[in-house]
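Fancy a few warm-up problems you can work through with a viewer open? Have a go at each one before reading the solution under it.

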Amino acid sequence: MNTKYFDLINQTFYFPQEEFTLNKDNLQFHNIDLMKLVEQYGTPLKFTYLPQISNNIRKAKTWFRNAMEKNKYDGKYYYCYCTKSSHFEYIMDEAFKNNIHIETSSAFDINIVEKLLENGKINKNTYVICNGFKRDQYIQNIARLINNGHTRTMPIIDNYEELDLLQEQIPGKFKIGIRIAAEEEPKFEFYTSRLGIGYKNILPFYRKQIHENKKVELKMLHFFINTGIRDTSYYWNELVKCLKVYVSLKKECPTLDSLNIGGGFPIKNSLAFEYDYQYMIDEIINQIKIACDEAEVDVPNIFTEFGSFTVGESAGAIYQVLYQKQQNDREKWNMIDSSFITTLPDTWAINKRFIMLAVNRWNDQYERVLLGGMTCDSDDYYNSEQNMNAIYLPKYNKEKPLYIGFFNTGAYQETIGGYGGLHHCLIPQPKHILIDRDENGILATEVFSEQQQADEILDILGYSRKENK
């Protein structure tokens, strides 16, 4: 009878896979021996494998190039990185090795852009696409960037007042885009996205505030679907509506030459994950070309703003199972040495699933378990795997430590979890390491941040103030 953990994985999924292989009974991620990391750095441990960021950027550029060649598409493609996915400098340093552009979401993003310019990571040819609801500090920062000569800074108008606010701060001429407020999926609790301007209102807005405005040049229409780029009737229907707006606007606005289709490429969240990226891009490019050809207007340059796709698959977290609690006849709780709420907050906040696998003991028998975190909170748990509706791990054995890994966790988890700050029940932030590979394939690791210590937390809470007086 096949009762080993390896047998379970092998029978349920195609295994090994591109990024997951075995060395005896230990898991490897991109040929990184994870147990060696555990032995060197301990747990809980977060890691970022930097080369995967460049790998995904190059893949997307290739897919778009293939699609444009196939469809004889005359426009250009611009890959932008959505900074809100992860603002860390080590992410930016890796991403901007690939001649890409940047998309911002709020005021302090512009300060990061200025640092990148100062350090030569980006230059005057880099597009800075400024999304989000803009007031006060964000407006001032965008204006400062434009007034200092970065002409490829492009604020995307989210509401009717933003244009006036920008013109008050920018004395010269500047370029803008307009964001479409797409309709949400029928099952969503709202009918229309809170971001952007409604389909029917964009042309009147252009005629009233932009058409004869000598200070403003409309260059881009921005289109983004909250549920991402997926092969559904909902997505294609919204794209068709967007293209109708684009061609109508293009006929009245000669300077309009770009369509931003936003982000939303899914990332691998299960060993059973399937998504045909090339097909989706081929079809998007094809639909845009058909719409423009029929309307007899030039096809637009295409911009994307991939965030999770850029960084998500580069990172992971490793925990040790500290103890097993048998709570009743059916429920066994494996308690980890950290917290899901604090280190993988999306598992708690939006019930997101990541790839979860045992790191060691693949040749041992398995059992069904629940995973619990260390906080005094009943919601601090992870109880099912995608496509399995349960968690199976090698059987708990006090004499044989078990380590588990969560993979493709690189987007949003650090910022939502409050990197460097306070965490629920004061659970310390784990050690974080960076992993790189040189041109000869040799791995190098370095500690980005050590595990949080008690005095750091007490200082944030104010307990050190009296001592310092």
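Below are six exercises on this predicted model, each with a worked solution.

**Exercise 1. Domains**

Work out which stretches of the chain form each domain, and how far apart the domain centres sit.

*Solution.* Start with the assignment: domain 1 takes 5-50 + 314-461, and domain 2 takes 51-311. Next, take the C-alpha centres of domain 1 and domain 2, which lie 34 Å apart. Finally, look at the contacts across the boundary: 32 residues of domain 1 touch 22 residues of domain 2.

**Exercise 2. Nonpolar cores**

Find the residues that touch the most other members in the largest nonpolar core, then find the helix that gives the most to this core.

*Solution.* The largest nonpolar core has 89 residues. Ranked by how many other members they touch, the top ones are Ile210, Leu218, Leu221, Phe265, Ile302, Phe306 and Phe309. The biggest contribution is from helix H9 (residues 233-252), which supplies ten residues. Domain 1 and domain 2 each put at least three residues into this core. Apart from it there is another core of 44 residues, including Phe20, Phe340, Ala358 and Val359. For background, nonpolar side chains in soluble globular proteins tend to be buried together.

Now zoom in on Phe306. If you skip residues up to four places away in sequence, Phe306 touches Ala60, Phe64, Tyr77, Tyr79, Cys80, Tyr81, Cys82, Ile229, Gly262, Gly263, Gly264 and Phe265.

**Exercise 3. H8 against H9**

Classify the packing of helix H8 (residues 199-209) on H9 from the angle between their axes.

*Solution.* First the geometry: the two axes come within 10 Å and cross at roughly 15°. Angles under 35 degrees count as roughly parallel, so H8 is roughly parallel to H9. As for handedness, H8 passes H9 in a right-handed crossing. To see who does the touching, pick out Tyr199, Ile202, Leu203, Tyr206 and Arg207 on the H8 side. Their counterparts on H9 are Glu238, Lys241, Cys242, Val245, Ser248, Leu249 and Glu252.

**Exercise 4. H6 against H7**

Do the analysis again for helix H6 (residues 136-147) and helix H7 (residues 162-169).

*Solution.* Here the axes are 9 Å apart and the packing angle is about 50°. That value falls in none of the ranges for roughly parallel (under 35 degrees), roughly perpendicular (65 to 115) or roughly antiparallel (over 145), so H6 is oblique to H7. The crossing of H6 and H7 is right-handed. Ile139, Gln140, Ile142, Ala143 and Asn147 represent H6 in the contact, while H7 brings Glu162, Leu165, Leu166 and Gln169.

**Exercise 5. Backbone oddities**

Check omega at Pro16 and Pro44, then phi at Asn31 and Lys72.

*Solution.* Keep the baseline in mind: most peptide bonds are trans, and most residues other than glycine have a negative phi.

- Pro16: the bond from Phe15 to Pro16 is cis, with omega near 5°. Pro16 is in the loop between helix H1 (5-12) and strand S1 (20-23).
- Pro44: Thr43 and Pro44 are joined by a cis peptide bond, with omega about -5°. Pro44 lies in the loop between helix H2 (34-41) and strand S4 (45-49).
- Asn31: phi is near 65°, so positive without the residue being glycine. Asn31 belongs to the loop between strand S2 (26-29) and strand S3 (32-33), and its 55% relative accessibility makes it exposed.
- Lys72: phi is positive at about 50°, and this is no glycine either. Lys72 sits in the loop between helix H3 (51-70) and strand S5 (77-82), and at 66% relative accessibility it counts as exposed.

**Exercise 6. Two accessibility calls**

Decide how to label Gly198 and Thr227 by relative accessibility.

*Solution.* Locate them first: Gly198 is in strand S10 (residues 197-198), and Thr227 is in the loop between strand S11 (216-222) and H9. Gly198 comes out at 21%; buried needs under 20%, so Gly198 is partly exposed. Thr227 has 32% relative accessibility, so the label is again partly exposed.

As a distance check, Gly198 and His424 are 226 residues apart along the chain, with 39 Å between their C-alpha atoms. For Thr227 and Leu45, 182 residues apart along the chain, the C-alpha separation is 31 Å.

Conventions: Residues numbered from 1 in each chain as written. Predicted model: local features only at pLDDT ≥ 70, side-chain atom pairs only at ≥ 80, totals over all residues. Heavy atoms only, no water. Helix = DSSP H or I, 4+ residues; strand = E, 2+ residues; numbered from the N terminus. Buried < 20%, exposed > 50% of the residue type's maximum accessible area, 1.4 Å probe, protein only. Core = buried A, V, L, I, M, F, W, Y, C linked by side-chain atoms within 4.5 Å. Domains from an automatic or database assignment. Contact = heavy atoms within 4.5 Å. Axes fitted to C-alpha atoms, helices over the stretch in contact; angles between N-to-C directions. Left-handed = near helix turned anticlockwise from the far one by under 90°.
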